[in-house]
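User: I am in my first year and would like a close look at one part of this model, the strands in the later portion of one chain. Please explain how they pair with one another, and set them in the context of the whole chain.

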Amino acid sequence: MRKYTTALTAGLLLAAACKDNPVVPPVDAPTTNAVSGQLTSAGVKTLALGVLANDRNLVSELSYSKLPEIYARDMYRIDPNEPRYVTETLAGTPDPGSFSGSGGWTNGYVTIRAANTLLAALPNTPASQVSPAQLQATTGLIQTFKALEYYRLLELRDSLGVALQPDNDPNTVGPIVCKAKALDYIAALLDSANTALVAAGGASLPFTPPTGFTKYGRDYTKAANLALFNRGLKGKVDVYRGLQHQSPVAGAFTQAITELSTALGTATPGGVPSSDFKTGLYVTFVAGGTENAANPLSDSRIGVNPKAQAGLQAGDTRASKIIPLAKPISGSGITTDVTFVGSDAGNAANLTNPIAILRDEELVLLRAQAYFEAGQPLNGLADLNSVRTSYGLPALTLADVPTLDAQRNALLYEKRYSLFFEGPQRLVDLRAYGKLKAGVTTPEVASDPFNTAIPIPKTEADARGGRENLTPSCS
Amino acid sequence: MKIRTVILGVLAVLAASAAQAQQRRIAGRVTGEGGAAEPLAGASITIVGTTIGAYTGVDGRFSVMAPSGPVTLRARRIGYTAKTVEVPAGQNEVEIALVKDVLQLEAQVITGTATAVSSQNAANAVSVVSGEQLTRVAAPTIDNALQGKVAGAIVSQNSGAPGGGTQIQLRGVSTILGNYSPLYVVDGVIVNNNSINNGLNVISGAARGNYSSSQDQSVNRIADLNPNDIESIQILKGPSASSIYGSKGTNGVIIITTKQGRAGRTNVDFTQRVGRSTLANKLGTRCFKSAQEYADWAADVVGADSPAEIADNIAAYNAAPVKCHDYESEFYSNDQLSYETIASVRGGTQGGTTYFVSGLAKQDNGLAPSDYYKKQSLRVNVGQTIGSRLHLNANSELLHTITQRGVSGNDNNGISPGNIFSATPSFMELRRNADGTFPENPSPLLAGSNPFQNADIIKTPESVFRLLGSASGTLNAYSTERQTVDLTLTGGLDSYADNAKIVSPAYGYTEASAQGALAGTLFNSDANFVNANLNGSVVHRLVMPAFTAQTSAGFRQERRQYTITQITGRGVIFPTVTSVSQAAQTFPNQNQDLVKDFAYYAQEEFFTLQDRLLLTAGVNAERSSNNGDQKKFYTYPKFSASYRVPMLPSFVNELKARLAYGMAGNQPTGGRNTFLTTLLYEGVTGARSSTIKGAENIRPEKATELEGGFDLTVWNSRVRFSATMYRKQIDDLLLQAAIAPSTGFTSQYINGGQIVNRGTELELDATPYERGSFTWVSNTTFSQERGKVTSLPEGVNPFNPGVGSFGTSYGNAWIEPGQSTTVIQSYDGCSIPLPASGRCPTASKIIALVGDANPDYVMGFNNSFTFGHAHLTGLVEWRKGGDVVNLTNNYFDGYNLAADTLTSQKRIADWRTGLPVYVENAGFVKLREITLGYDLPASLTQTLLRGTLQNARLELSGRNLHTWTKYSGYDPEVSNFSNQPLGRMQDVTPYPPSRQFLVSIITSF
């Protein structure tokens, strides 16, 4: 009998084991199932913030916040533990497989994927959750940020081109297109976004965006103000379109003037008060905590190229942006004893300095640039001087800058110091004007290669079967 | 469900057919070899051809009921060669003398959860390492102790830091991104071998950021076990043997059997070891012979070339009292004694209670000041026989380890001593000042970092409390002369709490410069792991004159669970505060996981032709919550055959041919889902899709192995030779296929592709000389393995597995069909004429496959000599070939501070032209172990301690005493990223290797 009992016990144990539920749901992180299907207003907010936060991730990358400024010879970063900040910038070429050559790409496309996912899902949002006008405002915002992201990628890559991501197909690898085509694509995207923002009328965003939208002179939660931002960005894109050598777009500068004027509230040349210069849309930073997104420029290994300090005109109050270092920093053949005021890591406030995406001072200077290029130097000087004089410098007359080249140099000076350490705009300009090459620019070290663009990363090349498949298509 | 019905049916049939026919009692005694004819307790006696048997008692005596006719008795005991004795019909008294099994020809080899066969019959090349072989020279951890002892295993240490960090690879790389560790099973319970990143990154900045990383130089937790508690280790090297472990068996299985109580007189063992470690190897540093030489260096490397700077540098050099420090000797000079105390008591009564109790206290010191590894353990094993049919066994082991490994490996904060030495001209003083403070490092290349200060003030303790427990019951449910049914139920638990801390006070020069306004770092990690197992099995043995059939079936249920909670605090101003709540900023992180596995298995072993032919067939069906389909059972079959060839020439004792085929799997460790990544923006949560695309149908990797070989024993069993060849094929690899980042995803989980590993393993065990009191026993192992990626799935291009590397400039792992799995990719030459700068532009550097991390072959030479009371044992391991990427050289070259300036500057100049100069051949020959021992003569031991002392031995031993290699780094055994399947070969300012010397007294009462 005992044998039967034993057998029965064994059988029961087996049966008990089978009863254990084999399904274990993931507990560490949510899955994409959480946001598929119908969106709620909270879902819209979460996904929209995902787009904005990932844009900040791109801005925080060294490939966006530092390398372009190093290439443009305003910034040094000297780190005894990481010589590649010099050896792959001013002393050598970037390695597409690692460090300085592998960044500034993926994050842009992750933002674009997040934008595409949200844009595809927005039409499924019931009106009870988000009103149609608010949906238009959200669509306009996300499309504008998608365009911004492509523009940022293009700033870094220039003639290498960028890949266009198929909107609703995460499984297909999109073509790499040339600069002209990419600019056309971005321009069309911005126009489409503008249509949505205009259609939104007096509506606001259905959620509270980060304070960079509201804290700096203009309330960008309003669709109407987002439209101004959109036009400003379009104007910046059109200036870039006009400057490209291969196929300058006819009328681009005239168009840019119109758009920038719209963005500046139809102010006449020279008519924007300096008190508005800081007005704009900003990326904001938070130090520490789980978020831990400190301003990437708050970095004690950053220095300012001594030539940038030497280039300042006497009396220019923007000189305060450059401060002495307690101890000179040197390495890999370069040395400096000055740094950017926002890079002093000893000043904790620097960790949370915002970085402008676009502010009115840049719009004024962009319009000045467009006026000069469009052959309207007096209008250009009016805008230029409104900036110059606000920093304690005498106004320039046409006699001071009689030629287009002189006008460009004057403009580049103002852009350099007004927008000092504020993104790749100087790299874009120097490159466009052919001023970043041997014979024009003094080499920083003997082996200075005059890098002008960050390569398309090796991972992208590998996935496409080799670098030979990265040739951009213009067709 | 069906399986249960079948089991119940079989049991019912067996119960119905009972027949017993015992007619006489045979009594006898079993003794061991040697003049004194020492009685052997615990030897098993069976009547050949039946299931009838008995065990010997303390006096070596047994008695067994036998059929009336002539019978054959087989006597067997662990460590002795089994012997069969004919007992004629009239004889009822028998004396059996067993001979020691020096070459372990007859060790029991585990074939299933509850079954084993003698290695004489085993169809697989299973390596058995005895506890004695394991602990001959005290090793830091179990895995260290296996180095050089097992053909087919490459056992590599990650660095010289105390406390472990060792990887065992059986039969090559079997996965690219999946789990790479062999499965560890202790007394039937699957135990955990995870590595928990202990947060070093928060001060080293190796991977930057505020969290732990794979560059934390962490330890795999099998290191916790106490090697002295091990009776034997069996190594199932591949799926043909490990298929019973289903989707955890691909990387092989290491089965550890611990010491159990044994009936017999109470035995007390006590061992005391004392020793120390010394720096085994130095890199050296440049000596500046004149102030001018230094000023020239500073002008060149630092750019200090103004007249004032040159004058300052000359003055600084002239003022230095010591012109050339040997920083390594000054720093790695911890001369505290290490010790190990081991005690155990073993005893019990036959048919009653048996017990084994052991304890350990140990401290190993690291080379750097204040680095150490301490371990304490207490283990209790109790066996209880109830009646004649039920046996219960319980094990419980409590372990505590505490490790302080200091800082080593890659860093970005100028904190690794190796990194600091590579950037500090050697006339600069770093040692403690007379007033107790430390000088700020004056090197212009560093921000004050002083390793002496760091070692003094930075604490990195990691403390683990671990409880390993198991209980099993075996019921002899049914027993006749021809048949037995045994039911076994084993439950086990492996649970540990791992607490790691890092305390880096704000006033440290490195801390202050690296963290700026937020100097003062604390890190606290709490990890809790629980593995629980339940195994049930039924074994039926049928013994017939023509054959023996052993049928087993059962289930195995496993649950693995962990929670890791880590928090980093920055900006802790007060140096004595170690609470993260005082931090200005905190960075929390938590990971948790739960895995449930369930498997059924069944196996049939069939012996026939006078036990010459063994045929085995088995199947394991397993589901796991790690798989995409959590309810699906995946099946893993196995088949094997071995045949002991009869009618051999007289000098041949045994010749066995064997063939085994089996399948095993490797569970996915993620990949079922596409996660949402949450991103905070001003404290508000945003979310976007992760950059890694999931796969809903992710399934285990599938390994299929075919193994064949033969074992030959000749010349009175004095020489045994074993040869094995295998082909292991892994399909459905778990891959994260790289996809173009422009899609917004960087990779995707996918099953596909194939790796094929082929290899040869040879073992030669011999007693070349045995005369009088002199014996020489020799074991030689050889293994050679070639792994190849034979295909990648559609749409997956060759890729860098991204397991950790520093870019193609130095060398990284690379997965490409047709190439070795362990190939190293780097630049090799310049595609354009070299520019005047001597630097090839990166885009023009030619990418090539320049090396291979896998050694060409590995050999182990283990020799023991006994002469009277004296013993000498030595173990040498030879690895031929295999490459390592030596970034440490690049550190020194870049600052021109290597000892050999000419070689160094030529090397870096070559590197700039695009040559792979940092990929180095890392072959070596190491004297792993050497022991000289002396047994005190019996005449002496018997007079000592009033005769209670049985044996006493004095030993002098050493570990890793010498390495012969052309490798220019510290140690060719290195891995900056700790344990990982590929890309181990990164040498970045590691913890230097040590030599260990030990003096031991080993006594037995």
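**Strand pairing in chain B**

Analyst: Before turning to the strands, please keep in mind that this is a predicted model, and that chain B averages a pLDDT of 91, with 97% of its residues scoring at least 70. Confidence is not even along the chain: among the elements of chain B, helix α1(B), residues 2-16, has the lowest mean pLDDT, 47, while helix α8(B), residues 327-331, has the highest, 97. Over residues 6-22 of chain B the pLDDT stays under 50, and for that stretch the model has 24 contacts beyond four places in sequence. For the model, the scores are ipTM 0.92 and pTM 0.82.

As a setting for the close look, chain B holds 14 helices and 50 strands. Its C-alpha trace spans about 110 × 70 × 60 Å along the principal axes, and its radius of gyration of 31 Å agrees with the value near 30 Å that a compact globule of 1005 residues would have. Of those 1005 residues, 54% are buried. If we take the contacts in chain B between residues at least 6 apart in sequence, 69% of them join residues at least 24 apart.

Now to the strands themselves, beginning with β38(B), residues 754-771, and β39(B), residues 774-791, which pair in the antiparallel sense over 16 bridges. To see this pairing in the structure, find Gly759(B), which stands opposite Glu785(B) in β39(B). These two strands form a hairpin with 2 residues between them, and in the turn Gly772(B) has a positive phi of about 60 degrees. Strand β39(B) is also joined, by 10 bridges, to β43(B), residues 857-867, and these two run antiparallel; here Thr775(B) is found opposite Thr866(B) of β43(B). As a general point to carry along while you look, side chains in a regular strand alternate between the two faces of the sheet.

A second set of pairings involves β41(B), residues 823-830, which pairs with β40(B), residues 812-813, in the antiparallel sense over 2 bridges. In that pairing Asn812(B) stands opposite Gln825(B) in β41(B). Strand β41(B) is joined as well to β42(B), residues 845-852, by 6 bridges, again running antiparallel, and there Ile824(B) lies opposite Gly851(B) of β42(B).

Further along comes an open sheet of 3 strands in chain B, whose order is β46-β45-β49 and whose pairing is mixed. Its edge strands are β46(B), residues 919-921, and β49(B), residues 986-987, each of which pairs on one side only. Strand β45(B), residues 883-886, pairs with β49(B) in the parallel sense over 2 bridges, and Asn886(B) stands opposite Asp987(B) in β49(B). Helix α12(B), residues 887-894, packs on this sheet, touching β45(B) and β49(B), and its direction makes about 30 degrees with that of β45(B).

Finally, chain B also meets chain A, in a contact that takes 77 residues from chain B and 82 residues from chain A. Among the elements that give two or more residues to the side of chain B that touches chain A are α1(B), β23(B) and β25(B), while β27(B) gives the most, with 10 residues. The residues on that side of chain B divide into 37 nonpolar, 32 polar and 8 charged.

Methods
Residues are numbered from 1 along each chain as its sequence is written. Chains are lettered from A and ligands numbered from 1 in the order in which they are written. This is a predicted model: local features need pLDDT of at least 70, side-chain atom pairs count only at pLDDT 80 or more; totals for chains, interfaces and linings use all residues. Two strands pair if DSSP finds at least two bridges between them. Helices (H or I, at least four residues) and strands (E, at least two) are DSSP runs, numbered from the N terminus. pLDDT is the predictor's confidence in each residue, from 0 to 100. Two residues are in contact if their C-beta atoms, placed from the backbone, lie within 7 Å. Ala, Val, Leu, Ile, Met, Phe, Trp, Tyr, Cys and Pro count as nonpolar, Asp, Glu, Lys and Arg as charged, and the others, Gly among them, as polar. The radius of gyration is taken over C-alpha atoms; the globule rule is 2.2 Å times the number of residues to the power 0.38. A residue is buried if 20 or more other C-beta atoms lie within 10 Å of its own, exposed if 12 or fewer, and partly exposed in between; C-beta atoms are placed from the backbone. Axes are lines fitted to C-alpha atoms, for helices over the stretch in contact, and angles run from 0 to 180 degrees between N-to-C directions.
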